[in-house]
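Me: I have a structure to go through with you. Please keep the answers short and show the reasoning.

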Amino acid sequence: METTRELVSYLGASLTDDQIKELLAFVSFYNMKNTPSMDMKGMSHMFKDDLDFFSKGQIGTWKKHLNEEQSKKVDEMVRKNLKYK
């Protein structure tokens, strides 16, 4: 919860602990995957037929979907666009 509290502060917002708990529940992997308004099937014409927009939610499965070149591009984009403390 501390990381979320820091992010909320960084964004200039103020939330109570209860609001942060509600936010974390809302953005949980399970909730995001099972909320119809977040289902990408309505945009299926833009993707291949077997696309599952949300993965299994397991650490490291990206390695099955990105090759080394793609992984390097993602790493570079993160380094370029995100600032760390």
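Me: How many salt bridges does the structure hold?
Reply: This is a predicted model. A salt bridge here needs a side-chain nitrogen of Lys or Arg within 4 Å of a carboxyl oxygen of Asp or Glu. By that cut-off, the number of salt bridges in the structure is five.

Me: Which residue forms a salt bridge with Glu 2?
Reply: Glu 2 lies in helix 1, residues 2-10. Its partner sits in helix 1 too, three residues apart, about one turn of the helix. An α-helix has 3.6 residues a turn, so residues three or four places apart point the same way. The closest N and O atoms are 2.9 Å apart, and the partner is Arg 5.

Me: Is Glu 2 buried, partly exposed or exposed?
Reply: Buried means under 20% relative accessible area, and exposed means over 50%. Glu 2 has 46% relative accessibility, so Glu 2 counts as partly exposed.

Me: With which Asp does Arg 5 form a salt bridge?
Reply: The closest N and O atoms of this pair are 2.8 Å apart, and the partner of Arg 5 is Asp 17. Arg 5 lies in helix 1 and Asp 17 in helix 2 (residues 17-26), so the pair ties together parts 12 residues apart in sequence. Glu 2 is linked into the network of salt bridges as well, with Arg 5 and Asp 17. The Asp asked for is Asp 17.

Me: What is the relative accessibility of Asp 17?
Reply: Asp 17 counts as partly exposed. That class lies between 20% and 50%. The value for Asp 17 is 39%.

Me: Which residue meets Lys 73 in a salt bridge?
Reply: The pair lies in helix 4, four residues apart, so about one helical turn separates the two. Both residues are exposed. The N to O distance is 3.6 Å, and the partner is Glu 69.

Me: Which residue caps the N-terminal end of helix 4?
Reply: Helix 4 spans residues 68-81. A side-chain oxygen of the capping residue lies 3.1 Å from the backbone nitrogen of Glu 69. The cap is Asn 67.

Me: Is Ser 71 buried or exposed?
Reply: Ser 71 lies in helix 4, which is hardly covered, with a count of one buried residue among its 14. Beyond four places away in sequence, Ser 71 touches Trp 62 and Leu 66. The cut-off for buried is under 20%. Ser 71 has 14% relative accessibility, so Ser 71 counts as buried.

Key. Residues are numbered from 1 along each chain as its sequence is written. This is a predicted model: local features need pLDDT of at least 70, side-chain atom pairs count only at pLDDT 80 or more; totals for chains, interfaces and linings use all residues. Side-chain values use heavy atoms; hydrogens and water are left out. Buried means under 20% relative accessible area, exposed over 50%, partly exposed in between (1.4 Å probe, protein chains only). Contact means heavy atoms within 4.5 Å. A polar contact is a pair of N or O atoms within 3.5 Å; within protein, one must be able to donate a hydrogen and the other to accept it, and residues adjacent in sequence count only if both atoms are side-chain atoms.
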